[in-house]
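Open the model in a viewer and keep the sequence panel visible. The stops below are given in the order in which to select them.

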Amino acid sequence: MKFHWFHLMPYPDLPDDFRARYSGVWVDVPVRELFDPARGHQAYNDYLDELEHAEREGFDGICVNEHHQNAYGLMPSPNLMVAALARRTTRAKLIIMGNSPALYNPPIRVAEEMAMLDVLSGGRIVSGFPVGTPMDTTFCYGENPATLREKYREAVALILRAWTEKKPFAFNGKYTQLRYVNVWPQPMQQPHPPIWIPGGGSVETWDWCAQNNFLYAYLSYFGYKAGLATMQGFWETVDKLGVEANPYRAGFLQFVAVADSDAEAERLYAKHALYFYNRCLHLNPSFANPPGYTSIATMRKGIEGQVARAAAMSPDLTWKDIVDRGYVVAGSAATVVDRLNEMADSMRVGHLMVLCHFGDMPKEKVFQNTERFARDVIPKLRPRYNEWEDKWWPKDATAPVQTPAAMQPA
Amino acid sequence: MNIETVRLASGRSQQVAKTGAGPVLVWLHGLHGVPAHDPFVAALATRFNVVAPIAPGFNDLAELDDIRDVHDLALHYDDLLSALGLDRVRVVGHSFGAMIAAEVAAHSPGRISRLGLLSPIGLWRDDHPVADLFGRPYTTIDKLIWAGGQPIGTMVMRDASTSPVESLVTLARGMTVVAKFLWPLPDKGLRRRLYRITSPSLVMTGAVDPLTPSLYAEDFRAGIRDAKAFVIAGAGHMLPYEQSNAVCEQLIPFMKSD
């Protein structure tokens, strides 16, 4: 099993009454009222320290993603963060769980930047291609929800061709037309970095990933209990299509909080988890389901869910809610190992992305949580799935990898 | 109401509802399609032979696959009118349908003899922005289109036999069609084309339309060379359903006169 350290990069100073005062954390949350660049400077630098620390602690990958106009995701460009990380790390793979290809005009911009980062980092890139949330793609970046998925699929196809065709070619797409496609540079990994698809629960995406040999990653903030049905749907699709049920074709995201005891976990981490769930996840339902974003079949389920959710708008979550429901796997190392074994038994995911930072957690606690997870939890789970070959992971570089001068011993 | 399928020169098919007797009037529906008991269509049908195409996509989103923008859409309707043998015809549209009617009139001057635009969308002013029709749960759309925030009287835009969830799905499918042509702002160049409309035109808007401010009536009037505009007091975006009598009083004589 592989373990990746994922950062969302939330803004850490949302006010106590954020939920009462603002309609949501995303899209139209007023930046001038809430964002202090000096605090942002501190946060970005702490967050990069934390990602770099995860490499030192032995995580296989460090992981970033893309959001726009979002107070819990300060990474409109994950590629900039990975550029910084590429020069400060040497071993960990760099997992980019966004760029949404449909947002870039032309989409070969993504092919170029992934290739640059792959060459710069010595072949350490994992390239995620999410459709993107409705908030990011349609409301913030103006993409048409009725055509987004088709445009996305076309863009992914263009990027893959740009990485594999032997000669410059013309591309006459419905959404992009280019007379000459000839992307410089090309990735170090040949033919291209592993493709991971962060997805929701749509049947179409399961089919597409299984058929194209893309890794399917379910990124939910609601933990393994809520994610089980989705992962089962994916594995049923894999079976139906007769594709090898290799656990490494799947990834899952999970908050973890490790302490000396379950009570200590609450004392250390509850405040920060509550900041995340009650402020950062204060989502405006108006932006959750623009017309056409999902297929009619999925929309039918979504509408029922939306009505049901609106009817059941709950008051603020408590630490007990969050832990009992499995949103955060928290407690002593033994508790966390048990819960993650339970997760692995039921969900069969070879790639576990963990969030050791949540909400407004200070760096010392993040380091502590990261260290405990790396030292007391990972070794217990590491041997799982050893019998399978991971075909969705960067291979060791064939060429010598250069260490930045600043990182060489004096 | 009879539903017929019409085959177009493009190879596409188009469903058309027909009802009433009298001179032909083409009705281009708004956000809700053509419900079986559409009360405004019924009112028009007492005076006209109403021909009401169901906009492509409202039945099946696949119908939109090769209709990519408002130009394709306007030509699709032009093809439809040819297939129906309507070389010169009266057209009334509501909301999204009024925008289509104006686009057809601008793309094919001479095709439309008289043009009625009820609560038209398709123009944008920074000083009076159109409200966001898409950034809201489907369950709250009524608040944006009815002056009183909910359907009035018997003017329920769905069939009683349909479950609430299915009627929301129908609304969502229709909204996807509207989004395809109007996302993210309802400004796809119609203002630049209004001068091409040669048909005598009547524009009506609701004075308290929460979606499209009523002053857009004046923008349409000023842009179309032969147009009159009326603002109906107390009405919202669902103007023909909220104030059917006040609308018919102006619209029917206008559409009947030659």
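Select Asp390(A) and Lys2(A): the two form a salt bridge, and their closest N and O atoms are 2.9 Å apart. This is a predicted model. The pair ties together distant parts of the chain, with Lys2(A) in strand 1 (residues 2-6) of chain A and Asp390(A) in the segment after helix 14 of chain A, 388 residues apart. Over all chains, a search of the whole structure finds 30 salt bridges.

Next, step back to helix 14 (residues 363-381) of chain A and add helix 13 (residues 333-347) of chain A to the selection; their axes come within 10 Å and cross at roughly 35 degrees. Left-handed or right-handed: which is the crossing of helix 13 and helix 14 of chain A? The crossing is right-handed. Show side chains on both helices. From helix 13 of chain A, the contact takes in Ala333(A), Val336(A), Val337(A), Leu340(A) and Asn341(A). From helix 14 of chain A come Phe373(A), Asp376(A), Val377(A), Lys380(A) and Leu381(A). Sorted by class, the residues of this contact are seven nonpolar, one polar and two charged.

Now move to the loop between strand 6 (177-181) and strand 7 (195-199) of chain A, where Pro185(A) lies. Look at the peptide bond that joins Trp184(A) to Pro185(A): it is cis, with omega about -10 degrees. Stay between strand 6 and strand 7 of chain A, since the loop also holds Pro191(A). A cis peptide bond joins Gln190(A) and Pro191(A), here with omega about 0 degrees.

Another backbone feature is at Asn213(A), in the loop between helix 8 (203-212) and strand 8 (215-218) of chain A. Phi of Asn213(A) is near 65 degrees, a positive value in a residue other than glycine. Why pick out these backbone values? Most residues other than glycine have a negative phi, and most peptide bonds are trans.

For the last stop, display chain A and chain B together and select the residues between them. In chain A, 23 residues are in contact with 22 residues of chain B. About 1900 Å² is buried between chain A and chain B, 67% of it on carbon and sulfur atoms. How many salt bridges are there between chain A and chain B? The count is zero. Polar contacts between chain A and chain B number eight residue pairs, both residues being at pLDDT 80 or more.

On the side of chain A that touches chain B, colour helix 6 (134-140) and helix 11 (296-311) of chain A, the elements that give two or more residues. Helix 11 of chain A gives the most, with seven residues. By class, this side of chain A has eleven nonpolar, eight polar and four charged residues.

Definitions and conventions
Residues are numbered from 1 along each chain as its sequence is written. Chains are lettered from A and ligands numbered from 1 in the order in which they are written. This is a predicted model: local features need pLDDT of at least 70, side-chain atom pairs count only at pLDDT 80 or more; totals for chains, interfaces and linings use all residues. Side-chain values use heavy atoms; hydrogens and water are left out. Axes are lines fitted to C-alpha atoms, for helices over the stretch in contact, and angles run from 0 to 180 degrees between N-to-C directions. Helices (H or I, at least four residues) and strands (E, at least two) are DSSP runs, numbered from the N terminus. A crossing is left-handed if the near helix is turned anticlockwise from the far one by less than a right angle, and right-handed if clockwise. Contact means heavy atoms within 4.5 Å. Ala, Val, Leu, Ile, Met, Phe, Trp, Tyr, Cys and Pro count as nonpolar, Asp, Glu, Lys and Arg as charged, and the others, Gly among them, as polar. Buried area is the accessible area (1.4 Å probe) that two parts lose on being put together, summed over both. A salt bridge is a side-chain nitrogen of Lys or Arg within 4 Å of a carboxyl oxygen of Asp or Glu. A polar contact is a pair of N or O atoms within 3.5 Å; within protein, one must be able to donate a hydrogen and the other to accept it, and residues adjacent in sequence count only if both atoms are side-chain atoms.
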